[in-house]
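User: Please take a close look at a single chain here. How are its strands arranged, and how does the chain meet its neighbour?

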Amino acid sequence: MLGSGLLQGLAVTAKNLAGSFHDPARYVTTEYPEQRTKLPENYRNFPFLVHDDPADPNGTLRCVACQICEKECPPQCIYIVMERDEKGKALRRPKVFDLDISVCISCQICVEVCPFDAIKMDQEYEIATRNRFGGLLLHREDLSKSNAYYHQIHPTEAAGVDAALAEQKAKQAAAKAAKAAPAPKAAATTATPATAATAQDSAISPAPAAPPPASAPDTPANPAPANPPPDA
Amino acid sequence: MSAHPANALPLLERLPVALRDACTSWLPESWRWLANSLLSIVAIFVVFATLFALLTLAERKILGRVQNRPGPNRAPLPFLGIRTYGLAQPLADGIKMLTKEDIVPRGADRVLHFLAPVALLAFSILTFAVIPYGRALLPVELDAAVLYFFAAGAATELAIFMAGWASRNKYSLLAAMRALAQLISYELPLLLSIVPVVLVAGSLSTSEIVEQQGTWLFGVFPQWHVFTPWGFAGFLIFFVAALAESNRSPFDLPEAESELIAGHLTEYSGFKYALFFMAEYFGMCALSGMGVTLFLGGWQAPIPALAFIPSYGWFAAKLLALLFVFMWIRATFPRLRIDQLTRLAWKFLVPLALVNLFTAAFWVLSSGWAGPLAFARWLVAGTLVLGPFLVLGRRLSAGLGPRTYRYA
């Protein structure tokens, strides 16, 4: 009969009108500034830099200013300058790390290519600013966030990263031990400062000074530090 | 306000009139009628302007709840910062409207552009004069009140066309043409649906029509017109036509946002826009009030035991219930196309309203039937209402069923 569909429609809206007052399954609105929904773990928007020690955020950045992310970034929103000492020697940390989030497309390619797990995707979404030029250009200090924060926003992913880093460290320690065993016989005088040097930056790259004479073929090459920082 | 013997009524019933008389008693006798009329106008305007403010909020709240969201609930009270479930929202809207820039297009006819909202509001307010708000509350006692009401209501079409024409905007003009087509199409079923009421009541006076609905069948059932076969059909036709006359969804074609920006309101901003908005709600209130008066027993109580509640309270309750249905319908139905709109009027509502005239005539002629004949009376009248509805309803969508599309 004509009109029965209209009555059915009216019944549907009436059910919603009444249901929104007593049925939480119908009334799903979150009153945003006061209430917040928990973001899904895989939510991402813009990258940030991970540091290990909150007491020294700039000193313990994992970033070595290798500029791979800068070169890979599709919209070219990253700008990196490596820090150097007074003699011009590269210090393997960024002096400038700028990221323009008005240009960033949140593609996560920088995260994929980073060999040091230094750059990760953030979940901070309240980033509106009154200054669209300066306010959206994030510097090293703005980007640097602790590993604990990373654990907080992406728990599963961060645990995996920590495990991989620990494994890598253990492998390097084993390689060093294997290296240290034959070393004292061959070059007893030069090995001690060389091992001290490798101990310092073995976490970053293979030892630049004093290549071990015999143990090179049997030490498994670590893929991550195999990318030497380019000389900028 | 009226010529009723006011002193015979209980205190609560004649309170508004007594208050008005107390205000004007110090004036000389020859001036009192003028002061009384002015006070009535002010009272009506204040009451309905407040109602308008609350209705805009209620509409947004109801639409929100139907869509499972809270609706406006944040506007705080000024200077206090207390949120009152959005009650301060009309105030915020009003301030926003008043402080907006009033833009008149360079090519517009400035005089007509200014006059259109004023005329629309004036005609809308005119219709409030003849609605009986209570037993003793009828602003103007007219013998031809129903005629006056629809004559004043029809004049709003002029104002809408003025707005569309004066804006010198193609969208506005198209919308004004549409509005004219719609309003004239629906004027006919609207008027035809109230002819049976006049026929049965034998009067064009609103107060008399309400008085006649004040009897009770078996002492319990109210004898409102809507509880008769012809009255029920007439009320439904009246309601659909009233929806169209007040440009409400699903007949809001003149303001079809998706096609015509805002229709005849495209070139209006600020306070003039607010006036249009106000006139729309006033028209809705007036038509609802007339529907209550003609079909729903006006200010009469639904059962005799509840007659101690003042009559204007009952009128307000019925009016608000009808306005709620307006909003409920807006929350439910999508907009009609212009061809569907006119087809519904000319091929469905007008024939039904014409048949309804005969039903009412039969009802009047058979008023003396009693006993088993009373059942026959209901049966015949019910068939006269339902039969054409079913037949015409089948014809209405015949051949226009689910569309098939062929792709080249």
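Analyst: Here is a walk through chain A, its strands first and its neighbour last.

This is a predicted model: local features need pLDDT of at least 70, side-chain atom pairs count only at pLDDT 80 or more, and totals for chains, interfaces and linings use all residues. Residues are numbered from 1 along each chain as its sequence is written, while chains are lettered from A and ligands numbered from 1 in the order in which they are written.

Start with the inventory. Chain A has eight helices and six strands. Both kinds of element are DSSP runs numbered from the N terminus, helices being H or I with at least four residues and strands E with at least two. Read from the N terminus, the order in chain A is α-β-α-β-β-α-β-β-α-β-α-α-α-α. The chain has 232 residues, and 20% of them count as buried. Buried means 20 or more other C-beta atoms within 10 Å of the residue's own; exposed means 12 or fewer, partly exposed lies in between, and the C-beta atoms are placed from the backbone. Now take the contacts in chain A between residues with a separation of 6 or more: 67% of them involve residues 24 or more positions apart. A contact here needs C-beta atoms, placed from the backbone, within 7 Å of each other.

Next, the antiparallel sheet. Three strands of chain A make an open sheet, in the order β2-β3-β5, with antiparallel pairing. Pairing requires at least two DSSP bridges between two strands. At the edges stand β2 and β5 (137-138) of chain A; each has a single partner strand, so one side of each lacks a neighbour in the sheet.

Look at the β2-β3 side of that sheet. Strand β2 covers residues 78-84 of chain A and β3 covers residues 90-100; six bridges join them, and they run antiparallel. Arg84(A) lies opposite Ala90(A) in β3(A). The two strands form a hairpin, with five residues between β2(A) and β3(A). In its turn sits Gly88(A), with a positive phi of about 85°.

On the β5 side, two bridges link β3(A) with β5(A), again in antiparallel fashion. There, Asp100(A) stands opposite Leu137(A) in β5(A).

Now the mixed sheet. Three strands of chain A form an open sheet in the order β4-β1-β6, and its pairing is mixed. Its edges are β4 (119-121) and β6 (144-146) of chain A, each with a single partner strand, so one side of each is left without a neighbour in the sheet. From one strand to the next, the twist averages 55°.

One pairing in this sheet is parallel: strand β1 (residues 47-51) of chain A is joined to β6(A) by three bridges. In that pairing, Val50(A) faces Lys145(A) of β6(A) across the strands, standing opposite to it.

One helix residue is worth a stop. Thr156(A) belongs to helix α6 (residues 155-180) of chain A. Is Thr156(A) buried or exposed? Thr156(A) is exposed, because 10 other C-beta atoms lie within 10 Å. Its separation from Asn42(A) is 114 residues in sequence, but 9.6 Å in space, C-alpha to C-alpha.

Finally, the neighbour. Chain A puts 12 residues in contact with 13 residues of chain B. On the chain B side, α2, α12 (311-332) and α14 (372-396) each supply at least two of the touching residues. That side of chain B has eight nonpolar, three polar and two charged residues. Nonpolar covers Ala, Val, Leu, Ile, Met, Phe, Trp, Tyr, Cys and Pro; charged covers Asp, Glu, Lys and Arg; the others, Gly among them, are polar.

Follow α2 of chain B one step back. Its residues are 29-66, and helix α1 of chain B spans residues 15-24. The axes of these two helices come within 10 Å and cross at roughly 130°. Axes are lines fitted to C-alpha atoms, for helices over the stretch in contact, with angles from 0 to 180 degrees between N-to-C directions. From α1(B), the residues Arg20(B), Cys23(B) and Thr24(B) take part; they meet Arg32(B), Ala35(B), Asn36(B) and Leu39(B) in α2(B). By class, this contact of α1(B) with α2(B) has three nonpolar, two polar and two charged residues.

Note on methods:
Contact = placed C-beta atoms within 7 Å.
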